[in-house]
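Got the viewer open? Keep the selection tool handy, and we'll walk through this one stop by stop.

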Amino acid sequence: MSEQLEVLGKILARLIREKEQFEKLLENPVDAHSDECVRRAIAGTELLIADVHVKIYKLSADDAEAAADSGQDSRPLASWFRIIE
């Protein structure tokens, strides 16, 4: 599962960078249509970021449950956060 968390962490980092790029485009709007397109792109990116956060949380919880069943100590939220740093 750690491979999946690593991939999700990379996806999350990429989405965050893309959102920041979209936000920079809003600083100097070209026209109303472009501005609206960028706002929609940001909204879509925020939804994807939220979805990835949910998937990471669920995978981390599953990973923690599996570790608890095997008697290992696990810190699910710390593991995915470390991946995206």
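The tour starts with the whole chain and then moves on to single helices and residues.

**Before you click**

What you have on screen is a predicted model, where local features need pLDDT of at least 70, side-chain atom pairs count only at pLDDT 80 or more, and totals for chains, interfaces and linings use all residues. Residues are numbered from 1 along each chain as its sequence is written, and side-chain values use heavy atoms, with hydrogens and water left out.

**Stop 1: the whole chain**

Show everything as a cartoon. You'll find three helices and zero strands, in the order α-α-α from the N terminus on. (Helices are DSSP runs of H or I with at least four residues, strands are runs of E with at least two, and both are numbered from the N terminus.)

Now colour by pLDDT, the predictor's confidence in each residue, from 0 to 100. The protein averages 83, and 74% of the residues score at least 70. Among the elements, α1 has the highest mean pLDDT, at 94, and helix α3 (residues 76-84) the lowest, at 50.

Switch on a surface next. About 6200 Å² is exposed, and carbon and sulfur atoms supply 54% of that; the areas come from the Shrake-Rupley method with a 1.4 Å probe, and for residues only the protein chains shown count as cover. Of the 85 residues, 21% count as buried. (Buried means under 20% relative accessible area, exposed means over 50%, and partly exposed is in between, with a 1.4 Å probe and protein chains only.)

How much of the contact in this protein comes from residues 24 or more positions apart? Such pairs account for 64% of the contacts with a separation of 6 or more, where contact means heavy atoms within 4.5 Å.

**Stop 2: helix α1**

Select residues 2-27, which is helix α1. Try a distance between its end C-alpha atoms: they are 38 Å apart, which agrees with the 38 Å that 26 residues should span at 1.5 Å a residue. (The expected span is 1.5 Å times one less than the number of residues.) Then pick out the buried residues of α1: L5, L8, G9, L12 and L15.

**Stop 3: the nonpolar core**

Which residues make up the largest nonpolar core? Select L5, L8, L12, L15, I49, V52, I56 and L59, eight residues in all. Helices α1 and α2 each supply at least two residues of this core. (A nonpolar core is a set of buried Ala, Val, Leu, Ile, Met, Phe, Trp, Tyr and Cys residues joined through side-chain atoms within 4.5 Å.)

Two more residues are worth a click here. I16 sits in helix α1 and counts as partly exposed, at 32% relative accessibility. Its C-alpha is 7.3 Å from that of I49, with their positions 33 residues apart in sequence. D51, in helix α2, is also partly exposed, at 36%. From D51 to L12 it is 9.6 Å, C-alpha to C-alpha, and 39 residues in sequence.

**Stop 4: charged pairs**

Side chains of opposite charge can pair when their charged atoms come close. The structure holds seven salt bridges, each a side-chain nitrogen of Lys or Arg within 4 Å of a carboxyl oxygen of Asp or Glu.

Begin with R14 and E18, whose side chains meet at 3.0 Å, N to O. They are four residues apart in helix α1, so about one helical turn separates them. E18 is partly exposed, with a relative accessible area of 25%.

Now centre on K19. Its salt bridge with E23 is 3.7 Å, N to O; both residues lie in helix α1, four residues apart. K19 also meets E46, at 3.4 Å. Because E46 lies in helix α2 and K19 in helix α1, this pair ties together parts that are 27 residues apart in sequence. Shared partners join K19, E23 and E46 into one network.

Leaving out residues up to four places away in sequence, K19 touches I42, T45, E46 and I49. The C-alpha atoms of K19 and A43 are separated by 8.9 Å.

**Stop 5: D35**

Is D35 buried or exposed? D35 is buried, with a relative accessible area of 18%. Find D35 in helix α2 (residues 32-70), then show L26 and P29, which D35 touches when residues up to four places away in sequence are not counted.
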